[in-house]
Amino acid sequence: MSDFYVSLIPTDVNWQPTGAAAVEAEAYVRRVFPDPDGVQQDVTVEFYDRITVVDAGENIKQITCPRCDRNIPLDWYEDLIEETEGEFDSLTVTVPCCETAVALDTLKFDWPSGFARFEIAVANPARAEHEFTPDEIGAVEAILGHPLRQVVAHI
Ligand SMILES: [Zn+2]
């Protein structure tokens with residue numbers, strides 16, 4: 001059985017909130033994602049030392065190059081994530097399609113995927129509406145003080 005995740009990450013790959021803001025955001029997320037039985041879902045807040053991949057996992061079926069618009073083989077991406085363990089100091093990579101240097105966060109994924117040093121995730125949400133609503137994303141943005149993106153993943 002695969003796990004289902006909904007995550008919020010800052011739009012700026014290096015940005016991190018204060019610890020106090022993260023605690024407040026986690027409390028808000030736990031409030032809007034109730035889990036009456038307390039067994040199914042898991043809310044996690046992560047500060048990553050390095051820029052870390054937060055991608056759509058098995059949802060990703062196509063990646064397109066921002067330079068040449070050709071498809072980038074999924075194997076190439078999966079090997080890269082495996083080799084680096086999904087952690088990066090720099091997002092610049094040489095893509096195989098046109099052998100040019102591009103930033104990983106400019107690759108066009110068919111499912112929203114990103115790279116971040118902060119993440120709030122809900123694993124296996126208990127409520128019927130699995131994803132964060134636009135209002136909820138706005139509320140967490142206000143608490144943290146930075147624009148966010150949602151990533152939905154099956155892993
Ligand atoms: Zn290319």
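**Zinc site**

In this predicted model, the zinc ion is held by four protein donors, the SG atoms of Cys-65, Cys-68, Cys-97 and Cys-98, at 2.3 to 2.4 Å. The angles among the 4 donor atoms run from 100 to 118 degrees, and the site is tetrahedral. For reference, the ideal angle for four tetrahedral donors is 109.5 degrees. Along the sequence the donor residues follow the spacing C-x2-C-x28-C-C. Cys-65 and Cys-98 link distant parts of the chain, 33 residues apart. Cys-65 sits in the loop between strand E3 (63-64) and helix H2 (74-84), while Cys-98 sits in the loop between strand E5 (92-94) and strand E6 (101-103).

The donors can also be described by accessibility. Cys-65 has 0% relative accessibility and is therefore buried. Cys-98, at 23%, counts as partly exposed, and Cys-68, at 26%, also counts as partly exposed. A search of the whole structure for disulfides returns 0.

**Aromatic pairs**

The structure contains 4 aromatic pairs. One of them joins Phe-33 and Phe-132 edge-to-face, with 4.9 Å between centres and 65 degrees between the planes. Phe-33 belongs to the loop between helix H1 (19-32) and strand E2 (42-54), and Phe-132 to the loop between strand E8 (114-123) and helix H3 (134-144), so this pair ties together parts 99 residues apart in sequence. Phe-33 and Phe-132 are both buried.

Phe-47 and Phe-118 form another edge-to-face pair, at 5.0 Å centre to centre and 65 degrees between the planes. Because Phe-47 is in strand E2 and Phe-118 in strand E8, the pair ties together parts that are 71 residues apart in sequence. The two rings are not alike in accessibility: Phe-47 is partly exposed at 37%, whereas Phe-118 is buried at 1%.

**Arg-127**

Arg-127 takes part in two kinds of contact. Arg-127 lies over the face of Phe-33, 3.7 Å from the ring centre. Arg-127 also forms a salt bridge with Glu-136, the closest N and O atoms being 2.9 Å apart. Both Glu-136 and Arg-127 are buried.

**Salt bridges**

The count of salt bridges is 5. Three of the pairs are listed here, including the one made by Arg-127.

| Pair | Closest N to O distance |
|---|---|
| Glu-87 and Arg-50 | 3.6 Å |
| Lys-108 and Asp-69 | 2.9 Å |
| Glu-136 and Arg-127 | 2.9 Å |

The salt bridge of Glu-87 and Arg-50 links distant parts of the chain, with Glu-87 in strand E4 (residues 87-88) and Arg-50 in strand E2, 37 residues apart. Glu-87 is partly exposed, with a relative accessible area of 34%, and Arg-50 is partly exposed at 32%. Arg-50 and Glu-87 also belong, with Asp-89, to a network of salt bridges.

For the salt bridge between Lys-108 and Asp-69, Lys-108 lies in strand E7 (residues 108-109) and Asp-69 in the loop between E3 and H2, so the pair ties together parts 39 residues apart in sequence. The loop between E3 and H2 also holds the zinc donor Cys-65. Lys-108 has a relative accessible area of 39% and is partly exposed. Asp-69 reaches 52%, over the 50% cut-off, and therefore counts as exposed.

Notes: Residues are numbered from 1 along each chain as its sequence is written. This is a predicted model: local features need pLDDT of at least 70, side-chain atom pairs count only at pLDDT 80 or more; totals for chains, interfaces and linings use all residues. Side-chain values use heavy atoms; hydrogens and water are left out. Donors are N, O and S atoms within 2.8 Å of the metal (3.2 Å for Na, K and Ca); water is not among the atoms, so sites may look incomplete. Four donors count as tetrahedral if all angles lie between 85 and 135 degrees; four count as square planar and six as octahedral if opposite donors are over 155 degrees apart and all others between 65 and 115; anything else is irregular. Helices (H or I, at least four residues) and strands (E, at least two) are DSSP runs, numbered from the N terminus. Buried means under 20% relative accessible area, exposed over 50%, partly exposed in between (1.4 Å probe, protein chains only). Rings of Phe, Tyr and Trp (its six-membered ring) pair if their centres lie within 6.5 Å; planes under 30 degrees apart count as stacked, over 60 as edge-to-face and the rest as tilted. A charge sits over a ring if NZ of Lys or CZ of Arg is within 6 Å of the ring centre and within 35 degrees of the ring normal. A disulfide is a pair of cysteine sulfur atoms within 2.5 Å. A salt bridge is a side-chain nitrogen of Lys or Arg within 4 Å of a carboxyl oxygen of Asp or Glu.
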